[in-house]
Amino acid sequence: MRVLLIGANGYLGRFVADRLLADPAVQLTALGRGDDADVRFDLASGSPGALTRFLDAVHPGVVINCAGATRGGARELTRHNTVAVATVCEALRRSGCGARLVQIGCGAEYGPSQPGSSTAEDAVPRPGGPYGVSKLAATELVLGSGLDAVVLRVFSPAGPGTPAGSPLGRLAEAMRRAMQSGDGELKLGGLGVQRDFIDVRDVARAVHAASLSAAQGVINIGSGRAVRLRDAAAVLARVAGYGGTLHELDGPPGPMRAPIGHPRPEPDHAGPVAYPYPDGCGSWQQADVRTARDRLGWRPRINLEESLADIWMEAACRI
């Protein structure tokens, strides 16, 4: 099976590539903006016609799109998350390869949900920020394309390679600094947020399963369990062997103490943040993952403690 993987050097894409390369039946080609891609192509600026010519030459049976942006302003997010997907869909429509499209979406497309609830695929999406809006627009483009396509809405990925700017990445870095300085008290904000964390290697397994299946539409990929960031911090402290006290800061975050998970202002984007939660998902998010089980035969295998141990292992190497 010939597979074209877009975004192979990204956080999710690296693990998807590893998973596909382990399958002897897969012939993998990586397309991306980096020098180490098999083919260099920028979806946000490249033309559908150029991509069509490449698709016709390679003739993949499956195209997996892991590319996209998680940070930046609305224009940048739209370019990399929406315009790029429009280019992929149009190129596939023009091409004679007839490839199946596996698009990586995100839980932020749903927006805030009722605490205690599980969000199923039939929930009405109401994204609470520009990132979720840009990803939802991409999903709608895929669903309306007429292609053989499936969108995997990945909730909060965790595990090795977790970006330093993500909630768990910033948590690990704060703990590393505390241990390095011998600080017996770690003061953190924003620990009341609850998210559905799913290990990135389980995400890769889901992508592999989706590429082999006939499932279409939207499928949630998560653990099916919301975890309070405060509890994740306690597990991380145990894994790291941190014996100090975790002290949660009360009240709204001030300019000098942004909560864990809140991106630090970019130099050219200083000023107040428009959304109280960076992903626009409010205080609670939990996926209903029954569709993934029923249609992909997929279940998560890696628990959060193992994911946090891998996150800590990478953070500890910086001590």
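**Figure 1. Helices α2 and α3 cross with a right-handed twist.** This is a predicted model, and here we zoom in on two of its helices. Helix α2 covers residues 48-58, and its axis sits 8 Å from that of α3, at an angle of about 50°. That angle makes α2 oblique to α3. Who touches whom? On the α2 side, look for Pro48, Gly49, Leu51, Thr52 and Leu55. Their partners in α3 are Thr87, Val88, Glu90, Ala91, Leu92 and Arg94. Sort the residues of this contact by class and you get six nonpolar, three polar and two charged.

**Figure 2. Seven strands line up in an open sheet.** Reading across, the order is β3-β2-β1-β4-β5-β6-β11, and the pairing is parallel. Which strands are at the edges? They are β3 (39-40) and β11 (217-221), and each of these pairs on one side only.

**Figure 3. Strands β1 and β4 run in the parallel sense as a pair.** Strand β1 is made of residues 2-6 and strand β4 of residues 62-65, and four bridges link the two. To find one spot in this pair, start at Leu5: its bridge partner in β4 is Ile64.

**Figure 4. Helix α3 packs on the sheet.** We met α3 in Figure 1 as the partner of α2; now look at what else it touches. Helix α3 spans residues 74-94 and makes contact with β1, β4 and β5. Strand β5 is residues 100-106, and the direction of α3 makes about 165° with the direction of this strand.

**Figure 5. Helix α6 packs on the sheet too, touching β4, β5, β6 and β11.** Look for residues 200-212 to find α6, and residues 149-154 to find β6. How is α6 directed relative to β5? The angle between their directions is about 150°. One of the strands it touches, β11, is an edge strand from Figure 2.

**Figure 6. Helices α5 and α7 make a right-handed crossing.** Helix α5 takes in residues 167-181; the axes of α5 and α7 are 11 Å apart and meet at an angle of about 45°. So α5 counts as oblique to α7. From α5, the touching residues are Pro167, Leu168, Leu171, Ala172, Met175 and Met179. From α7, they are Leu229, Ala232, Ala233, Leu236, Ala237 and Ala240. What kinds of residues are these? Twelve are nonpolar, with no polar and no charged ones in this contact.

**Figure 7. Helix α7 also packs with α9.** Helix α7 is residues 229-240 and α9 is residues 304-316, with axes 9 Å apart and an angle of about 60° between them. That makes α7 oblique to α9, and the crossing is right-handed. Helix α7 brings Ala232, Val235, Leu236, Arg238, Val239 and Ala240 to this contact, while α9 brings Leu304, Glu305, Leu308, Ala309 and Trp312. The class count here is nine nonpolar, no polar and two charged residues. Keep an eye on Ala232, Leu236 and Ala240: they touch α9 here, and they also touch α5 in Figure 6.

**Figure 8. Zooming back out, the protein chain has nine helices and 13 strands.** Its radius of gyration is 20 Å, close to the 20 Å that the globule rule gives for 319 residues, so the chain is as compact as a globular protein of that length. Along the principal axes, its C-alpha trace spans about 60 × 40 × 40 Å.

Conventions
Residues are numbered from 1 along each chain as its sequence is written. This is a predicted model: local features need pLDDT of at least 70, side-chain atom pairs count only at pLDDT 80 or more; totals for chains, interfaces and linings use all residues. Side-chain values use heavy atoms; hydrogens and water are left out. Axes are lines fitted to C-alpha atoms, for helices over the stretch in contact, and angles run from 0 to 180 degrees between N-to-C directions. Angles under 35 degrees count as roughly parallel, over 145 as roughly antiparallel, 65 to 115 as roughly perpendicular and the rest as oblique. A crossing is left-handed if the near helix is turned anticlockwise from the far one by less than a right angle, and right-handed if clockwise. Contact means heavy atoms within 4.5 Å. Ala, Val, Leu, Ile, Met, Phe, Trp, Tyr, Cys and Pro count as nonpolar, Asp, Glu, Lys and Arg as charged, and the others, Gly among them, as polar. Two strands pair if DSSP finds at least two bridges between them. The radius of gyration is taken over C-alpha atoms; the globule rule is 2.2 Å times the number of residues to the power 0.38.
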